[in-house]
Amino acid sequence: MLQPGRDSLRKIAVVGRGTAGSLAAASVTHALPDGEFELHHIYDSRIPVIGVGEGSWPSLVAELHKLTQLPHEVIQPRFNGTRKYGVAFEGWGRRGQDFTHFFTPQQVSYAYHLAADLVAELLNESTTATHIDARVSAITNVGDRARIEFEEREAEHYDLVFDARGFPRELDPEQHIDISFIPTNTAVIRRCPAIFNKEERLVLKHTYTRAVARPHGWVFVIPLTAHTSYGYIFNRDVSSLESVESDFDELLESESVEEFEQRAVIQFPNFVGRNIFDGVVARIGNAAAFMEPLEATAIVATQLQIGMILQIRLNRPPEHLERDAPVVNRFLINSMLRYGLFVGWHYCCGSSYNSEFWTHARDNVWSQHRTAADPKLVDCNALERFDEMIGLLTSPVVAREDWHKMCAVPLTSYAQVSQGLGCWE
């Protein structure tokens with residue numbers, strides 16, 4: 001296949017060895033299989049990959065098979081995986097009742113629950129790269145190339161850099177869109193015993209990510225074959241860590257979970273980068289955008305970023321890059337904001353708890369979405385498309401030509417969540 005941009009990609013770097021970085025390195029290897037390029041996978045081994053368990057979307061099942069060329073029944077046990085058929089919400093919405101957001105087709109389409117550190121190892125086996133263990137101090141543009149500076153190593157220049165170093169410590173309004181309509185900013189992660197028999201390497205039963213509403217936020221429960229990951233997602237400006245830890249203990253006790261390993265307390269921003277792709281530097285994964293893990297949008301967003309950027313760099317002549325890059329960047333910003341609006345919308349009806357957190361989330365935080373996603377401020381139409389989806393849900397009849405419309409996720413997802421939350425009761 002003719003790829004007019006291929007000759008402009010002779011030297012590529014991926015910075016970061018988490019899920020996003022490992023996906024990018026394996027994707028580059030797959031897209032340029034003949035070895036007529038140089039790939040550097042750069043990471044600092046002093047920075048661990050926190051394997052807390054992750055959810056994903058069905059697109060990852062096909063992607064891992066494509067990148068590794070391994071059968072599905074071999075891939076899944078490699079990262080202690082189970083088959084995720086959707087998200088089971090407990091206590092969310094006006095009715096405070098349980099409901100499930102299924103992947104479509106329901107009970108057929110599935111994703112993976114996976115251990116992040118092990119999926120990175122699996123992808124690295126399918127990657128042809130020179131590994132550089134070093135701390136990166138800066139990534140800058142120099143003409144039509146990127147320059148990576150290291151703390152204790154000479155700088156190198158690349159035709160394309162995938163920056164997967166994670167989310168920024170602080171948000172800069174010039175560089176980031178603050179998704180102020182998502183009410184959480186901290187996660188307490190615990191690792192608990194597995195719910196499966198130790199002999200079950202390939203778990204074929206249907207499993208779901210549980211999203212359990214609690215007074216200070218909500219708790220994800222991700223079943224892996226080696227352990228079960230619990231994460232309490234809350235707002236540290238509303239609830240103290242001590243009160244969250246106490247409620248976390250109460251939840252585990254109610255579920256007869258008698259022991260756990262404290263893994264991490266992670267503070268995070270909810271944001272979308274304004275400069276995801278400039279033509280030579282591509283910020284991917286949590287470096288491009290981050291939103292709480294309610295609907296497991298992180299990996300599918302990373303897949304979109306990597307695929308779009310490789311597509312444009314390989315299949316468009318390099319002389320068009322100056323015009324192409326802003327278009328791709330705007331498309332990615334638009335897509336990330338649509339994910340953010342979908343996630344934030346889950347809080348619009350509160351939960352079974354009439355607590356300070358849920359009142360604040362419903363009445364004070366979600367109401368900011370129109371301001372935060374104002375097209376004049378973000379230069380894209382994410383809010384317009386989101387409003388269109390909500391309009392379809394309230395229509396007496398949805399026309400056949402509208403059945404397959406999407407705003408980050410398909411109309412079927414919006415319908416399931418709106419019905420579960422009791423949005424129009």
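Trainee: Is Gln76 buried or exposed?
Mentor: Buried: in this predicted model, Gln76 has a relative accessible area of 0%.

Trainee: Why does that count as buried?
Mentor: Because the cut-off for buried is under 20% relative accessible area, and Gln76 comes out at 0%.

Trainee: Okay, and where does Gln76 lie?
Mentor: Gln76 is part of helix α3.

Trainee: Which residues does Gln76 touch?
Mentor: Leaving aside residues up to four places away in sequence, Gln76 touches Gly81, Thr82, Arg83, Tyr112, Leu202 and Val203.

Trainee: What about the loop that follows, between α3 and β3?
Mentor: Have a look at Asn80, which sits in that loop, with α3 covering 72-78 and β3 covering 82-90. Asn80 is not a glycine, yet its phi is positive, near 55 degrees.

Trainee: And what's phi for Ser256?
Mentor: Ser256 has a positive phi too, about 60 degrees, and it is not a glycine. You'll find Ser256 in the loop between α5 (241-254) and β16 (261-267).

Trainee: Is Ser256 buried or exposed?
Mentor: Ser256 is exposed, because its relative accessible area of 59% is over the 50% cut-off.

Trainee: Switching topic: which residues does the cis peptide bond join?
Mentor: The cis bond runs between Thr104 and Pro105, with omega at about 0 degrees. Pro105 belongs to the loop between β4 and β5, where β5 is 111-113.

Trainee: Now pockets. Which residues lie nearest the centre of the second largest one?
Mentor: Thr104 comes up again here, along with Trp57, Phe103, Pro410 and Ser413. The whole lining has 19 residues, and the pocket's volume is about 350 Å³.

Trainee: What's the lining like by class?
Mentor: It has 11 nonpolar residues, seven polar and one charged.

Trainee: Which helices or strands each supply at least two lining residues?
Mentor: Those are strand β4 (99-102), strand β21 (409-410) and helix α12 (411-421).

Trainee: Let's stay with α12. At what angle does it pack with α11?
Mentor: About 60 degrees, and the two axes are 10 Å apart; α11 spans residues 382-393. The crossing of these two helices is right-handed.

Trainee: Which residues meet there?
Mentor: From α11 you have Phe386, Met389, Ile390, Leu392 and Leu393, and from α12 Leu411, Tyr414, Ala415 and Ser418. By class, that contact has eight nonpolar residues, one polar and no charged ones.

Note on methods: Residues are numbered from 1 along each chain as its sequence is written. This is a predicted model: local features need pLDDT of at least 70, side-chain atom pairs count only at pLDDT 80 or more; totals for chains, interfaces and linings use all residues. Side-chain values use heavy atoms; hydrogens and water are left out. On a 1 Å grid over the protein atoms alone, a cavity is a set of points where a 1.4 Å probe fits but cannot get out, and a pocket is an open set with protein on both sides within 12 Å along at least five of seven lines; lining residues have an atom within 4 Å of a point. Grid points are joined across faces, edges and corners, and a volume is the space filled by probe spheres set on the points. Helices (H or I, at least four residues) and strands (E, at least two) are DSSP runs, numbered from the N terminus. Ala, Val, Leu, Ile, Met, Phe, Trp, Tyr, Cys and Pro count as nonpolar, Asp, Glu, Lys and Arg as charged, and the others, Gly among them, as polar. Axes are lines fitted to C-alpha atoms, for helices over the stretch in contact, and angles run from 0 to 180 degrees between N-to-C directions. A crossing is left-handed if the near helix is turned anticlockwise from the far one by less than a right angle, and right-handed if clockwise. Contact means heavy atoms within 4.5 Å. Buried means under 20% relative accessible area, exposed over 50%, partly exposed in between (1.4 Å probe, protein chains only).
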